[in-house]
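Thanks for coming. I will go through one structure today, starting with a single chain and then the pair.

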Protein chains: 2
Amino acid sequence: MSDHASPVDGARVLADLTALRCFGAYKTGVHKPTFSAPHLASLHWLAEKLPDAGLRATIDGIGNVFGTSAKPGLKLLAGSHLESQNYAGWLDGPLGVIYALEAARVINRDPGIPGAVEVASWCDEEGHFGSLLGSRSYIGDVSEAELDAARDRSNGRPMREALRDAGLEGRPRITAEPGRHIGYLEAHIEQGDTLESGGLAIGVVTSIVGIWQYRIAFVGEQNHAGTTRMAVRKDAGLALAKFCVAIDQRFPAISGPRTVWTTGRIRLEPGAPSIIPGEAEMLFQIRDDDPAVIERLEALLHGMADDASAQGPCRVVVERVRTGAPARMDPMFHRAIEAASAELAGGRSLRMPSGAGHDAQVLARIMPAGMLFVPSIGGVSHHWTEDTSDADIVTGARVFVEACRRLLAG
Amino acid sequence: MSDHASPVDGARVLADLTALRCFGAYKTGVHKPTFSAPHLASLHWLAEKLPDAGLRATIDGIGNVFGTSAKPGLKLLAGSHLESQNYAGWLDGPLGVIYALEAARVINRDPGIPGAVEVASWCDEEGHFGSLLGSRSYIGDVSEAELDAARDRSNGRPMREALRDAGLEGRPRITAEPGRHIGYLEAHIEQGDTLESGGLAIGVVTSIVGIWQYRIAFVGEQNHAGTTRMAVRKDAGLALAKFCVAIDQRFPAISGPRTVWTTGRIRLEPGAPSIIPGEAEMLFQIRDDDPAVIERLEALLHGMADDASAQGPCRVVVERVRTGAPARMDPMFHRAIEAASAELAGGRSLRMPSGAGHDAQVLARIMPAGMLFVPSIGGVSHHWTEDTSDADIVTGARVFVEACRRLLAG
């Protein structure tokens, strides 16, 4: 792992990541929701950096930033995203963008390396307004009607308004040019502790799990919290709590070894301390890379809802609102990353699935795709304490750039 | 129950209630949060009606409306409130205000009846900004600092801003004049089905239950919903659900015959579908007219929280945020209402506690107080379907006004 083995400028990579960390800084992390002022500032910062890598910068009509190359030969697309979850980590997104930028800086001006790396920063990977909107727009999977309807989940602001305020209204949305790229490579922090606890440097992503999301609604009867006897209540909030506990008790028996499920949001209506909730709703998510497991769990979920409705006093309705098929990463990418890791990271790599969703799963629908993970301290992610050591960041950058070189060398 | 037995104008009472129903109309109910435009309009409507009853109208610096009389002799204070819960019923509040207005119209200009009825509309009984703020201000129990800190629970708007926008900033807050009133009488819908199911017309309130409110906080660890294995999660939302279910299982064994408890609001942090909640909070309320029962239940609550914290993986903290002693209504008021009911409602009355909180419990701290209930169809309240038959409304008004006359006659 000596410096002369790689043309990567580790100090430059760390400096760029630190610069991005200052947009929307929050404690040791960042708060950079999609189309917030710090997010927009970071898009423009990137656009201004791209020419250093011999790339022409464009911010398109959905907030994707592209760096395109005029260098002849094969093109590899690389990138990630710049917005963050609310009050979350500094590397989730920016790491992959800066690795792509560094690869372009190293490769594109070097006549000895064939082809070029093009850079993409996909807008709203974190789902403030929708689901992977930027990358899905690029592959032609987002209609104008979907954009018309999209609103910021935190405050209800329409996406159209956010685009207008960002000065992006009326710009065309850039879509993929068939045959232009040999594939797409994305780097990301692991968001788990497998690499760290195994003393490893590089995760070679084999697949990205599917995400199935459900809206589970409970209908009871709104009434006064002081005058309605316990025996006659139809408390939708209590029905929801019982359902959560039942999931916790019954899912483990039929889930797979890596299945995870989460209730991330709960809403009681009307949500006042002196009113028995007449309605309640939970957002529930299941992730697995085996659709057969999901099928079993979804059937159980419907059965539990039917049983609860039959027993009363509240009615329970399960509605699937997001269906995510798992995405396979391309073996050509596995091999390139592993060879680069053998050369620059002592081969300390591991093949592993990604439990989180990424833009790579969208790109994989139209071109070969791969992902590389770096270790995440304590496995923390989606929290401002998320972090990776400088040494691991630099090692990851070297392996990433070498993998790009190998992919372009064919 | 013939018309000539009472000087009350039933048609006028119904017309006034219908007029108030049109401010903030929502389906068959109203949406009239404290200091909303329809609420402010209804305060001004009342202020303009008071002179018809020989009263001088004042809206004070907290939004209380007072009608004061220059008639010599004893004064009885009567009233209720004009704001509503969100999307709630048309009679909860206005009924008591219009009964008071009608009593003043009948009694104050009649030289044959000694003394006068003075009218009060207490601001924010429904607790959008605080707890019984208007009546507590009147008895001198609300500091300027409490007003500085008060915010609308629905949208965070500071109370000071709402007062300024309402044109009430800088007005003095009116406080009770010691010795002025022989007592306070308030009418309200029952908010339960005891009267309706018993074929009764009048509830004679003996006490108003105390409300104890708790903020129960759950502290876990925020993490990624896709990459964090089930075994290592510290899901604060799941801990909350388990706690709700445990309350449901353990409270009945040691509660009293009329104890009620409610989780009216739940918040998960950060509340995103792809993030395991690191923190969760529930607002929990217990009501009873026996403090010994509350003491037992509160001890159980703390014990359950300690057990849950000890077991892990989340820490549970119970904090009491509201302590409500039960309030006894005055026997002089019981007798006056029962005598009026015997005369005008065939004696179809029943002594009963109030499970809901009312401004009468605040007034009872400085003067004798009484409450009268009218039937509530199906016992519904705090919902837009809340209703009472016209016949029951008019009977209630006659009994109310006669009770006022008897109280003033001594």
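Which domains does the domain assignment give for chain A? There are domain 1 (3-209 + 326-409) and domain 2 (211-322), with bounds that come from an automatic or database domain assignment.

A word on the source. This is a predicted model, where local features need pLDDT of at least 70 and side-chain atom pairs count only at pLDDT 80 or more, while totals for chains, interfaces and linings use all residues. Residues are numbered from 1 along each chain as its sequence is written, and chains are lettered from A and ligands numbered from 1 in the order in which they are written.

Back to chain A. Taken over C-alpha atoms, the centres of domain 1 and domain 2 of chain A are 35 Å apart. Seven residues from domain 1 of chain A and seven residues from domain 2 of chain A make up the contact; two residues count as in contact if their C-beta atoms, placed from the backbone, lie within 7 Å.

Now the two copies. A turn of 180° and a shift of 0.0 Å along the axis lay chain B on chain A with an RMSD of 0.1 Å, superposed by least squares on the C-alpha atoms of residues with pLDDT of at least 70 in both. The copies are therefore related as by a two-fold rotation axis. In chain B, the residue closest to that axis is A241(B), at 2.2 Å (C-alpha). Of the interface residues of chain B, 100% are also interface residues in chain A, so the copies meet through the same surface.

Last, one pair within chain B. A70(B) and L55(B) are 15 residues apart in sequence and 7.6 Å apart in space, C-alpha to C-alpha.
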